[in-house]
Amino acid sequence: MLKIKENHLIFLALAIIIEIPVILAIVWMTGDYREPRFNIWPVTEWLVNYQGGFVRRGLIGEFLLTISDPISGILPNLYRFVLSSYIFYITIFFAVYALAKIKNNRVLILALLIQGGIYHMGISADFYTRKENLFLIFFGFLCLLYINASKKVGESKKKRLLWLVSLPIIFGPILILIHEAYLFMSFPLTAMLLFIVCKENPSYIYLRFGFVLYVGICLIFFISCSIHHGDVVLAQAIWDSLPWVDRVKLSPSAPYSQFAAISSIGWSLGQHLSTIYGVFITGGVYIWIFFILGNVLTLAVIASLIYPISAESRPKRIYGLLVIGLIVSSAMFLIAADWGRWIAFMSNQLLLLMFALSVSTFSKGEEKSKLILNLIQYTQKIAPKYLFYIVLVYGLVFQMPECCVQYPNIFVFQSLFQ
Amino acid sequence: MLHKVTYPIILICSLLMGCNQSSLPEYWLCSGDSSQRVYDAQLNLLEVYTGNDPLMLEKFGNTMYQFLAPAFSGKYFICSDSSKNPEIYMQFHPCDDASIPANNVNQPTRHAMFNLDSGEFQIREFRTLNRKIIINDGIFACKSLGHSFSFNDFNHAKD
């Protein structure tokens with residue numbers, strides 16, 4: 001009887017954790033409000049197009065411009081698009097979780113509540129409004145394909161693995177054209193997943209060939225985007241190409257002048273790097289360190305629930321893979337100041353990888369690295385008894401800012417009471 | 001073995017270079033008014049847009065950045081030597097860029113003068129678009145923030 005009540009309670013908690021953000025996102029993105037639905041900077045980043053010539057980040061803006069009516073503007077379509085991408089990501093997330101057969105409510109609750117995760121995306125209208133949400137969707141789809149392929153044998157498996165290595169070769173360059181930061185954010189873990197696939201299937205030579213091709217083609221497209229990084233003349237041409245109704249809404253005091261992320265197309269590497277200086281000089285670094293530690297702790301608790309460490313056997317390789325994954329996908333911290341975005345993206349992507357690797361034979365091998373083994377031993381020693389509840393409270397009470405201007409608001413729904 | 005020596009040396013050098021105040025970015029927070037006026041070919045005033053958004057200048061090397069006020073967002077090249085003259089002259093295009101002909105009015109041209117002593121910042125943009133003449137003007141009073149700033153300042157700049 002008590003067990004049934006507990007299950008009901010968990011089901012109710014999960015339903016609330018999912019429903020509240022989804023309802024808020026739908027109401028906010030489809031309602032009739034005067035002000036833009038999310039920050040002007042991410043809005044304008046979606047609007048960069050090819051009207052001034054080929055330029056980095058322009059692909060999706062060109063698509064939105066093509067499908068939009070000049071009278072009603074691009075913004076209504078953009079809001080529907082980002083909302084759809086949020087719903088799509090949630091679907092992919094649950095599909096990966098279900099197919100991986102994790103079946104652990106504690107894991108699911110923490111994975112949903114992690115800062116920058118599905119719950120916080122919806123209640124803050126942040127994170128999913130960024131282009132990297134498309135990277136997450138694509139990576140989640142690859143994880144689905146990987147889990148599915150791992151359960152097959154023979155020709156059926158071969159066919160799925162062929163898809164698994166082909167899709168990144170096709171869509172990796174497209175995602176780089178959407179935003180060149182793909183190379184630093186999603187490419188490392190995608191390459192890692194393909195590397196694991198190659199290790200697990202040494203007899204399929206085409207996998208290794210595909211892996212090398214993926215790495216090569218991504219680098220070529222990134223270099224091409226870096227060469228066409230844009231300038232002020234091109235930024236103005238992009239701004240002028242936008243429907244008038246959008247320009248007035250985004251910049252009512254100067255609708256004829258380029259602004260926000262469109263204007264930043266002309267930035268040099270020096271300006272991007274000087275924003276890192278801002279992270280330290282404004283004291284924001286302390287806020288980010290708090291959320292980095294909080295999210296790493298949450299990920300560690302989730303990993304320990306999916307892959308329990310027993311006293312009898314040596315820890316599995318999965319822990320080493322996750323640590324490597326964390327390190328290789330952290331390059332964005334050295335390039336730009338939106339550290340909340342990077343923390344959120346890394347956490348969500350590592351969660352998907354963690355779920356997917358539950359079917360991996362390679363990750364079940366014994367960990368040999370002394371450094372990782374010492375790290376696990378040390379973590380086990382200091383891990384308090386109620387760690388699950390600590391990270392649960394962390395997920396419920398705090399609200400990680402997406403970027404710098406939101407530093408004062410670090411508690412959930414805090415901005416509503418100001 | 002070599003990397004165990006090289007990396008710490010690079011790190012220490014970077015930190016020491018960072019301690020050099022002159023190499024750090026410098027900030028000014030400004031308040032004032034901007035206006036965007038649109039004329040037809042006969043110079044009849046067609047549209048006017050005004051704003052009083054805060055403006056923040058970030059000087060880094062010989063470039064100035066401004067990304068807060070919508071009317072004047074962008075990167076500017078400093079074309080005068082601020083160590084000799086308290087007035088900084090800056091513009092949108094590189095100072096020695098010969099590829100921008102003077103009569104090419106379709107391309108936006110922005111010029112600004114910033115007096116380091118008084119904190120007065122004046123900026124003007126001029127361009128044409130589909131036979132319309134667009135002129136952006138702004139006059140701001142700036143206060144120096146030194147080598148640091150707070151994002152909270154952004155919300156109080158209008159006060």
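User: In which hand does α10(A) pass α11(A), left-handed or right-handed?

Analyst: The crossing is left-handed. This is a predicted model.

User: Why are α10(A) and α11(A) called roughly antiparallel?

Analyst: Helix α10 (residues 187–200) of chain A packs on helix α11 (residues 205–227) of chain A at about 165°. Angles over 145 degrees count as roughly antiparallel. Therefore α10(A) and α11(A) are roughly antiparallel to each other. Their axes are 9 Å apart.

User: What makes up the contact of α10(A) with α11(A), by class?

Analyst: It has 11 nonpolar residues, no polar residues and one charged residue. On α10(A), the residues include A:F187, A:L194 and A:F195. On α11(A), A:R208, A:F211 and A:Y214 are among them. Arg counts as charged.

User: How do you know that α7(A) and α18(A) are roughly parallel?

Analyst: The axes of α7 (residues 132–150) and α18 (residues 339–356) of chain A cross at roughly 10°. Angles under 35 degrees count as roughly parallel. Therefore that name fits α7(A) and α18(A). The axes come within 9 Å.

User: Which residues meet there, and how do they divide by class?

Analyst: Among them, A:L136, A:F139 and A:I147 in α7(A) meet residues of α18(A) including A:F345, A:L352 and A:L353. The contact divides into 10 nonpolar, three polar and two charged residues.

User: How many residues does each chain give to the contact of chain A with chain B?

Analyst: Chain A gives 29 residues and chain B gives 32 residues. On the side of chain A, α15(A) supplies the largest share, five residues. By class, that side has 15 nonpolar, 13 polar and one charged residues.

Methods: Residues numbered from 1 in each chain as written. Chains lettered and ligands numbered in written order. Predicted model: local features only at pLDDT ≥ 70, side-chain atom pairs only at ≥ 80, totals over all residues. Contact = placed C-beta atoms within 7 Å. Helix = DSSP H or I, 4+ residues; strand = E, 2+ residues; numbered from the N terminus. Axes fitted to C-alpha atoms, helices over the stretch in contact; angles between N-to-C directions. Parallel < 35°, antiparallel > 145°, perpendicular 65-115°, else oblique. Left-handed = near helix turned anticlockwise from the far one by under 90°.
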